[in-house]
Amino acid sequence: MGKIVSIHSFRGGTGKSNTTANLAAQVALRDKRVGVVDTDIQSPGIHVLFGLDEKKMGRTINDYLHGKCSIGEVAFSVGEFAADSDGRSQLAGKKLWLFPSSIKGRDISQILREGYDVNKLNEGLQTLMKELNLDYLFIDTHPGLNEETLLSIAISDILLLILRPDNQDFQGTAVTVDIARSLDVPNLLLLVNKAVPGKYDYDDLKAQVEKLYGAPLTSILPLNFEIADNASKDLFSLRFPDHEWSKGLRQVAEAVLSIP
Amino acid sequence: MNLANRANPMMWIPNNMADETTIQQLKKTFLFNGLPDDVLVTLLDSIVHCRLSKDEILFRKGDAGDSLFMIGEGWVKIVTEDALGSQLTLNQCGPGEAIGEMSLFDQAPRSAGVVALSDVTLLELKRDALLQLLDQRPDVALLVIRGISSRLRGSTTYIEKAIEWSKKIAEGDFSFTEQTQSRDLLSDATQEDRAKQFLSEFFKMARNVRAREEKLKQQVEKLTLQIDEARRKQEFEELTSSDFYANLKEQAKKLREQRSDKK
């Protein structure tokens, strides 16, 4: 069986979608079979990083949740269609599928209004794990702790929590860690993102974070303005592999891959 | 000069020892180097030769001042005290320079103290003698005024420079410390020594401020992770008290069991 990896942060703006997309890409580059699900139904965004726009987007998670299609029909094969940029073209032929959320306002407002059956989402995820024989299924979650987030945490084999080095994030992450332990998530990983380069004593920060949460800190990624400039259009770690951010991200990928 | 204020041991040399030597010495001073010999001769009776050993005090700040000193040989420092009573060196003066000329004209107490940095020879001139000379010889008065004007002009230059640099430091612009070399400041022969000294000290200060700022910038911040444990517990309880959560926990447990069976 493959592993479900949920990527979560207590607050928005931690660089969660970016990290998820780059992580999935790094793992796919190592010839793993990888799925990426956008469960941030309220504010989807990860599709852009994989070169998917409204025109190219076919069926979505929303269609699946409303019973309009099977989960398999939502799959967008990044390896087949994403040769349109320097970074993504490296994924040509790789087994990487994206399961996007709808970016149509009508679909978003419908799901916010009517809600959806989290059990159906769970069934869908389990189905595609089996049918696509995935090694890893990455779930990009909505920030905070609502029902679908709790579900994705509950079904995770690995939970990667992203936080920025500030006290609000430390506080929120503490609650999320408690929830993950209560739900018996077997592997908990931490990632600090958007650290101002040179501002902190990294060893000290790592020691404090690991002591506080009792989980390994996989990497401290620098605040990266180039990401803001470029990565909305491309996968940063593929396009700029020598950048410190990309090096740090590969450490996170190693940490995920090393879990048996 | 009040003898009681003078620190011991100070050695005195009689006036009549060598008038010619005294005249030559006066010619080497900045105040009197332009005066003709016949004028200098009239001063001879009013000149007192004195000598200081290293570390000896000539006068203290606040002392009454009724004479002017011109340095023959050696160096002295002009000192004052800061608010905490520590000695601050304002300037150093050497051969040819005059000390105490301010008190001579305004009759105010000494504005700073003077301490010998080495063995020093001095020529002392009483106020009365100088004023008498100025009264008789307007051309001498003009020379003295010219000397003081020159000092003022020099002061104005360095004050202007100091204002300019202060503004730059306030704006965090330290580029002038790169553009200006210390030797440029010291090679300006028209500047008085005091001005050079001041500019040089100012320059050092700017460099130090800059170095300190850069060190601060590099200093890494040690974050202290602060968690409100009560809030953490309360939020956890709120999240986990629902039926949804209990159900989810149960389902997750079953799901994990199923999946681990398949492995």
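1. Strand β3 of chain B pairs with strand β8 (residues 113-116) of chain B. The two run antiparallel and are joined by 2 bridges. One residue pair can be picked out: I57(B) has V115(B) as its bridge partner in β8(B). Note that this is a predicted model.

2. That pair belongs to an open sheet of 4 strands in chain B, ordered β3-β8-β5-β6. Pairing in this sheet is antiparallel. Its edges are β3 (57-59) and β6 (87-93) of chain B, and each of them pairs on one side only. On average, neighbouring strands here are turned by 30° against each other, with direction ignored.

3. A further strand to look at in chain B is β9 (residues 120-126). Strand β2 (residues 47-52) of chain B runs antiparallel to β9(B), with 6 bridges between them. Strand β4 (residues 67-73) of chain B also pairs with β9(B) in the antiparallel sense, over 6 bridges.

4. Which residue of β9(B) does H49(B) stand opposite? It is L123(B). L123(B) is also the bridge partner of M70(B) in β9(B). So check L123(B) against both when viewing the model.

5. Chain B as a whole has 10 helices and 9 strands. Of its 263 residues, 19% are buried. Take the contacts in chain B between residues at least 6 apart in sequence: 75% of them join residues at least 24 apart.

6. Chain A holds an open sheet of 8 strands, in the order β3-β4-β2-β5-β1-β6-β7-β8. Its pairing is mixed. Why do β3 (76-77) and β8 (217-222) of chain A each have one side without a neighbour in the sheet? Both stand at the edges with a single partner strand, so nothing in the sheet flanks the other side.

7. At the β8 edge of chain A, the pairing is parallel: 4 bridges join strand β7 (residues 187-195) of chain A to β8(A). Within it, L191(A) has S219(A) as its bridge partner in β8(A).

8. Helix α1 (residues 16-29) of chain A packs on this sheet. It touches β1 (3-8), β2 (34-38), β4 (96-99), β5 (136-140), β6 (158-163) and β7 of chain A. The direction of α1 makes about 170° with that of β5(A).

9. A general reminder for reading both sheets. Strands of a sheet pair through backbone hydrogen bonds, in either a parallel or an antiparallel sense. The 4-strand sheet of chain B is antiparallel, whereas the 8-strand sheet of chain A is mixed.

Technical notes:
Residues numbered from 1 in each chain as written. Chains lettered and ligands numbered in written order. Predicted model: local features only at pLDDT ≥ 70, side-chain atom pairs only at ≥ 80, totals over all residues. Buried ≥ 20, exposed ≤ 12 C-beta atoms within 10 Å, placed from the backbone. Contact = placed C-beta atoms within 7 Å. Pairing = 2+ DSSP bridges. Axes fitted to C-alpha atoms, helices over the stretch in contact; angles between N-to-C directions.
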